[in-house]
Amino acid sequence: MSMLQEFKEFAMKGNVMDLAVGVIIGGAFGKIVDSVVSDLIMPFIAWIMGGRLDFSGMFLVLGKVPEGTAVTLDALRKAQVPVFAYGNFLTILVNFIILAFIIFIMIKQMNRLKRTEPEPAAAPAAAPETPEDVLLLREIRDSLKK
């Protein structure tokens with residue numbers, strides 16, 4: 001079997017195709033969550049925090065800043081000044097928490113929809129009638145025992 005045929009066989013298996021669809025939908029879902037975070041949730045968080053919307057610019061300077069260096073995260077990193085840049089982590093953490101919560105709600109709803117109401121227990125079925133040939137064979141056996 002040629003390598004091209006093996007690859008075609010591998011790529012066309014159901015699990016690989018399902019995974020590909022999942023990755024594509026996951027990418028689109030990630031964009032939706034990013035939009036929810038940046039366009040809907042972060043403005044409320046910014047309002048609560050006094051108007052600060054961009055967390056990625058939040059940092060603490062841990063070293064001496066050379067003269068003439070702007071006090072921005074990019075400029076301090078270029079000047080190799082040690083900074084504790086916690087703002088970007090906060091943004092990613094908020095994204096993760098929201099994504100995890102949304103996935104939790106979706107799975108919970110899917111499980112709820114999958115559950116079906118238990119069907120009422122049917123009355124126990126009567127024992128099936130023994131076939132006539134089995135009855136005749138039993139009679140023959142019993143008579144031979146005597």
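## Notebook: helix H2, chain extent and local sites

I began with Ser38, which I located in helix H2, a segment covering residues 14-48. I noted that the model is a predicted one. For Ser38 I read a relative accessibility of 41%, so I entered this residue as partly exposed. I then took the C-alpha separation of Ser38 and Pro128, which is 67 Å in space for 90 residues in sequence.

**Entry: overall architecture**

I next listed the secondary structure and recorded five helices and two strands in the chain. Read from the N terminus, the order of elements is α-α-β-α-β-α-α. I looked up the radius of gyration, which is 34 Å; the globule rule gives 15 Å for 146 residues, and the chain is therefore more spread out than a compact globule. I also noted the box that the C-alpha atoms fill along the principal axes, roughly 115 × 55 × 30 Å.

I turned to burial and found that 12% of the 146 residues count as buried. The accessible surface that I recorded for the chain is about 12600 Å², with 67% of this area belonging to carbon and sulfur atoms. For contacts between residues at least 6 apart in sequence, I noted that 42% join residues at least 24 apart. I looked up the charges as well: the chain has 15 positive and 15 negative ones, and their mean positions lie 7 Å apart.

**Entry: the loop between H2 and S1**

I placed Met58 in the loop that runs between H2 and S1. Is Met58 buried or exposed? I entered Met58 as buried, because its relative accessibility is 12% and the cut-off for burial is under 20%. I then compared sequence and space for Met58 and Pro128: the two are 70 residues apart along the chain, and their C-alpha atoms are separated by 78 Å.

**Entry: Thr91 in helix H4**

I found Thr91 in helix H4, which spans residues 87-114. Which residues does Thr91 contact beyond its neighbours within four places in sequence? I recorded Phe55 and Ser56 as these contacts. I also looked up Met42, which is 49 residues from Thr91 along the chain, and the C-alpha atoms of the two are separated by 8.9 Å.

**Entry: the loops on either side of H3**

I located Gly68 in the loop that joins strand S1 (60-61) to helix H3 (73-78). Its relative accessibility is 84%, so I entered Gly68 as exposed. From Gly68 to Phe96 I read 37 Å, C-alpha to C-alpha, for 28 residues in sequence.

I then moved to Gln80, which is found in the loop between H3 and strand S2 (83-84). I noted a positive phi of about 60° at Gln80, although this residue is not a glycine. I entered Gln80 as exposed, since its relative accessible area is 70% and the cut-off for exposure is over 50%.

**Entry: aromatic pairs**

How many aromatic pairs does a search of the whole structure find? My search returned one aromatic pair. I identified its members as Phe84 and Tyr86, with ring centres 6.1 Å apart and planes at 35°, and I recorded the pair as tilted. I checked the exposure of both residues. Phe84 has 48% relative accessibility, so I entered this residue as partly exposed. Tyr86 is likewise partly exposed, because its relative accessible area is 28% and the partly exposed class lies between 20% and 50%.

Terms used: Residues are numbered from 1 along each chain as its sequence is written. This is a predicted model: local features need pLDDT of at least 70, side-chain atom pairs count only at pLDDT 80 or more; totals for chains, interfaces and linings use all residues. Side-chain values use heavy atoms; hydrogens and water are left out. Rings of Phe, Tyr and Trp (its six-membered ring) pair if their centres lie within 6.5 Å; planes under 30 degrees apart count as stacked, over 60 as edge-to-face and the rest as tilted. Buried means under 20% relative accessible area, exposed over 50%, partly exposed in between (1.4 Å probe, protein chains only). Helices (H or I, at least four residues) and strands (E, at least two) are DSSP runs, numbered from the N terminus. The radius of gyration is taken over C-alpha atoms; the globule rule is 2.2 Å times the number of residues to the power 0.38. Contact means heavy atoms within 4.5 Å. Accessible areas come from the Shrake-Rupley method with a 1.4 Å probe; for residues, only the protein chains shown count as cover. Lys and Arg count as positive and Asp and Glu as negative; His and the chain ends are not counted. The place of a charge is taken as NZ of Lys, CZ of Arg, CG of Asp or CD of Glu.
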